[in-house]
Amino acid sequence: YSTDLYLVFWTIKIISIGNKLNKWESETINFYLKQLPKNIRVDFVDLKSQQNPNYSNEEVIQKESELIDSKISNKDFVIAWDSSGEQISSEAFSKLILQNREINNISFIIGGSFGLSSNILKRSNQILSASLLTFPHKLFRLIIVEQIYRAHTIINNMPYHKWLI
């Protein structure tokens, strides 16, 4: 790992379908965000769910994917979260962040309750799965932020992350 992390300013975008966070969710996410150094910025792009009784599941997925796609830059390193994705450790996640931090943005994509379109998955540079469990979207945003903070501590050899023996 490199300790030159502080020399680079970089942004992580979390693009998600879902409602705004409530007070406790925001407070908990902000707890981790405040622990990050000033050169790491996490931006949230919250997009409204397109669920409607007049739309099929496929139509909802397509409409949400168009919204998501409009928020992705060609310069972004895109990581989609999907149940079909690869499960990796926190250490491997920190290496992924470290390897791609100098790209304009790292964008994490969290789809709606029906998932992501094949177009978004194909557009992604990496597809990850956090678990075989299903998480509420609001909680999953918190999980990602905590893992971003954990990656920072791993990269910088800080004591927050407990190495498994």
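**Chatting about helix 2 and some salt bridges**

Modeller: Let's start with helix 2, residues 57-70: this helix has 14 residues and reaches 20 Å from its first C-alpha to its last, close to the 20 Å expected at 1.5 Å a residue. Keep in mind that this is a predicted model.

Biologist: Okay, so which residues of helix 2 are buried?

Modeller: Val-60, Ile-61, Glu-64, Ser-65 and Ile-68.

Biologist: Where do they sit when you look down the helix axis?

Modeller: The buried residues of helix 2 fall within an arc of 130 degrees, so they line one face of the helix. Here's the general idea: an α-helix has 3.6 residues a turn, so residues three or four places apart point the same way.

Biologist: Neat. And what do the buried residues of helix 2 pack against?

Modeller: Three strands and a helix come up: strand 1 (10-17), strand 2 (40-47), strand 4 (105-110) and helix 4 (118-123).

Biologist: Switching topic! How many salt bridges does a search of the whole structure find?

Modeller: The search turns up 6 salt bridges. One of them joins the side chains of Glu-27 and Lys-23, at 3.9 Å from N to O.

Biologist: Where are Glu-27 and Lys-23 in the chain?

Modeller: Both are in helix 1 (residues 23-35), 4 residues apart, which is about one turn of the helix.

Biologist: Is Lys-23 buried or exposed? And what about Glu-27?

Modeller: Lys-23 is exposed because its relative accessibility is 63%, and the cut-off for exposed is over 50%. Glu-27 has a relative accessible area of 47%, so it counts as partly exposed.

Biologist: Got it. Which residue forms a salt bridge with Glu-25?

Modeller: That's Lys-138, with the closest N and O atoms 3.9 Å apart. This pair links distant parts of the chain: Lys-138 belongs to helix 5 (residues 137-155) and Glu-25 to helix 1, 113 residues apart.

Biologist: Why does Glu-25 count as buried?

Modeller: Glu-25 has just 8% relative accessibility, and buried means under 20%. Its partner Lys-138 comes in at 24%, so Lys-138 is partly exposed.

Biologist: One more pair, please. What does Asp-43 form with Arg-41?

Modeller: Asp-43 and Arg-41 form a salt bridge too, and their closest N and O atoms are 3.0 Å apart.

Biologist: How accessible are Asp-43 and Arg-41?

Modeller: Asp-43 is partly exposed at 25% relative accessibility. Arg-41 is also partly exposed, with a value of 40%.

Note on methods. Residues are numbered from 1 along each chain as its sequence is written. This is a predicted model: local features need pLDDT of at least 70, side-chain atom pairs count only at pLDDT 80 or more; totals for chains, interfaces and linings use all residues. Side-chain values use heavy atoms; hydrogens and water are left out. A salt bridge is a side-chain nitrogen of Lys or Arg within 4 Å of a carboxyl oxygen of Asp or Glu. Helices (H or I, at least four residues) and strands (E, at least two) are DSSP runs, numbered from the N terminus. Buried means under 20% relative accessible area, exposed over 50%, partly exposed in between (1.4 Å probe, protein chains only). The expected span of a helix is 1.5 Å times one less than its number of residues. The arc is that of the directions from the helix axis to the C-beta atoms. Contact means heavy atoms within 4.5 Å.
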